Amino acid sequence: MARRPSRGAVAALGGLLLALTSAVLPAAAAPPAAPAAEDTGMTHDAPDAGALSRQVQRSGQLSPPGYQLSGKPVRGTADRQSAPVIAPGQYQDSIGPNEERYYATDLDAASAADFSATAVPQAGAAADAPDALHTKVVYGTDSSCASTTAMSGQRDGAAPLTSAVSRIPSQHGTNSCDKAGRYWLVVQRTAAKAASAARWPLELTFHVEPPLPKGVTPAPSQPDYGAGGKDATLPTTAPKGVSGGTGFNDASLLHQGVWRDRILPAQTLWYKVPVGWGQQLRYDVEFANEPKAKGSVTRTSFGSTQVYTPYRAPVGNGTGQFIPQVPYNGRVASLKMGTVPVSWANRYETHPDVIPVHAKGDFYIAVTLGARAAQISESPQIGVVLRVAVLGKEKAGPEAAATPLNSGVTGGGSGSAAGTGRWPAIRVAGVSVGVVGVLLLVGLGTSYVWARRKPRPTGAAGDPRKSGSW
């Protein structure tokens, strides 16, 4: 029989762990230093010591983690003559206020080309409603094939902006932009006087879609929401915890169901949901009812959401169905958003929120909480719930003769957000803190067991759902 360690040995272990914790935790838990190069333009009132305490607590619980950029470095130019030539892939650049950047590429006469540009300002940096990111594809001397604009639409503080544009050959092949040759992607950032003057990191993507094989007739376009409109029935099951990503590149996988997360002021959380041919994404976002800060005056921030196609094109407000932004003042606020069914032929429709929904794949959900929410809520983080549905049976392909797959509605692959390798919903300050914390708990637990000589009972408090929906 193994010999039990003495109480003195256990006590020594506990002392060692406490010393290790006290040495590591202060440095590991300290919030990252804010970049000195940019003034966010935001002022946060501190009417009492409680407000200051909340700000300190938020800093300890993490300021919003930065967008995880990815891609090859590229430097766009101010004119098309010297523009760098890009191939399909993902790139990183930067863009200043009221600056225009050119990128060149060579396209054939039959394939569609999908471009996106995501500008990533410092979270909460000074912003104005007219601030915008424009993208367009040009050909020849002055032909503009397509253009789109993504606007900030708020003054709380800057958040990622994504604009996407596609060069889609016409059905008859007679337009000026149907020709093979040199094309240019143009990205422009417009900024109001009150907006941030800093350069913003810029992430670009470029995909090429080959045409359907000869003799294949695509299924008809689906420009109507039908069952996926604003009155659609969504899941009402108990929520599962999830931790949203920082951007497109590390978005957390979701499947149909109810998901619970927590969001910081000035933060954008990112998720992705697989959607197949003939299917449509429909979801609600609910921001929690949080206790208001004592002594604070009445303030209003905002909550917003946007859905993006596999090629990162924002679907927008929907064809009169959805509104992407709602005021938030500490009370429950909710948003509805969704897409039309995925159809290859949607590319030939006229509505800008239908055209991009022409390819299957991961659709991205972004959820943003305004920076001024820091002045409203007593809690450092705000609860958020997503109710996600993927409606319709997935078809085997884009063609009219495609048969439904036996699996019916897709469930998001493995159906496990934990399988994406993301951290749990309660984020930690660092790996060091987590490791030392686990060691400390093990040591204290061992000491407690030896002191009491009986197991600690497990109660209902171990289930996060017992303490409420958030």
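**Entry 1: strand β18 and its neighbours**

I began with a single pairing, and I noted that V273 has F363 as its bridge partner in β18. Before going further I recorded that this is a predicted model, in which local features are taken only where pLDDT is at least 70. V273 led me to the pairing of strand β13, residues 268-275, with β18, which is antiparallel and runs over 8 bridges. I then looked up β15, residues 301-308, and found that this strand also pairs with β18 in the antiparallel sense, here over 6 bridges. Within that second pairing I picked out V307, whose bridge partner in β18 is I365.

How many residues of β18 are buried? I found that 7 of the 9 residues in this strand, which spans 361-369, are buried, and I therefore entered the strand as mostly covered, buried meaning under 20% relative accessible area. As background I wrote down that strands of a sheet pair through backbone hydrogen bonds, in either a parallel or an antiparallel way.

**Entry 2: an open sheet**

I next traced an open sheet of 4 strands, and I read its order as β3-β8-β5-β6, with antiparallel pairing. Its edge strands are β3, residues 99-107, and β6, each of which pairs on one side only. From one strand to the next I have an average twist of 15°. Inside this sheet I looked at β5, residues 132-139, which runs antiparallel to β8 and is joined to β8 by 8 bridges. As an example from β5 and β8 I kept V138, whose bridge partner in β8 is W184.

**Entry 3: the disulfide**

I searched the whole structure for disulfides and came away with 1. Which cysteines does the disulfide join? I found C145 bonded to C177, with an S to S distance of 2.0 Å. C145 sits in strand β6, residues 143-151, while C177 sits in the loop between β7 (161-167) and β8 (181-190), so the pair ties together parts that lie 32 residues apart in sequence. I entered the disulfide as left-handed because the torsion about its S-S bond is about -90°.

Are C145 and C177 buried or exposed? For C145 I have a relative accessibility of 23%, so this cysteine counts as partly exposed. C177, by contrast, has a relative accessible area of 11% and is buried.

**Entry 4: salt bridges around β14**

I turned to charged side chains, and my count came to 11 salt bridges. As a general point I noted that side chains of opposite charge can pair when their charged atoms come close.

Which side chains meet D284 in salt bridges? One is R282, at 2.7 Å from N to O, and another is K336, at 3.7 Å from N to O. The pair of D284 and K336 links distant parts of the chain, with D284 in strand β14 (residues 280-287) and K336 in strand β17 (residues 333-338), 52 residues apart. I also checked how covered these residues are: D284 counts as buried at 11% relative accessibility, R282 is buried with a relative accessible area of 0%, and K336 is partly exposed at 36%.

Still in β14, I looked up E286, whose side chain meets that of R387 in a salt bridge of 2.7 Å, N to O. This pair, too, links distant parts of the chain, since R387 belongs to strand β19 (residues 382-391) and E286 to β14, 101 residues apart. E286 has a relative accessible area of 18%, and so I entered this residue as buried. Elsewhere I followed salt bridges that share partners, and these join D93, E99, R101 and R199 into one network.

**Entry 5: the chain as a whole**

I closed with totals for the chain, beginning with its 3 helices and 19 strands. Of its 470 residues, 47% count as buried. Among contacts with a separation of 6 or more, I noted that residues 24 or more positions apart account for 77%. The chain exposes about 22,300 Å², and carbon and sulfur atoms supply 56% of this area.

Key
Residues numbered from 1 in each chain as written. Predicted model: local features only at pLDDT ≥ 70, side-chain atom pairs only at ≥ 80, totals over all residues. Heavy atoms only, no water. Disulfide = S-S within 2.5 Å. Helix = DSSP H or I, 4+ residues; strand = E, 2+ residues; numbered from the N terminus. Buried < 20%, exposed > 50% of the residue type's maximum accessible area, 1.4 Å probe, protein only. Pairing = 2+ DSSP bridges. Axes fitted to C-alpha atoms, helices over the stretch in contact; angles between N-to-C directions. Contact = heavy atoms within 4.5 Å. Areas by Shrake-Rupley, 256 points an atom, 1.4 Å probe, with all protein chains shown as cover. Salt bridge = Lys/Arg side-chain N within 4 Å of Asp/Glu carboxyl O.
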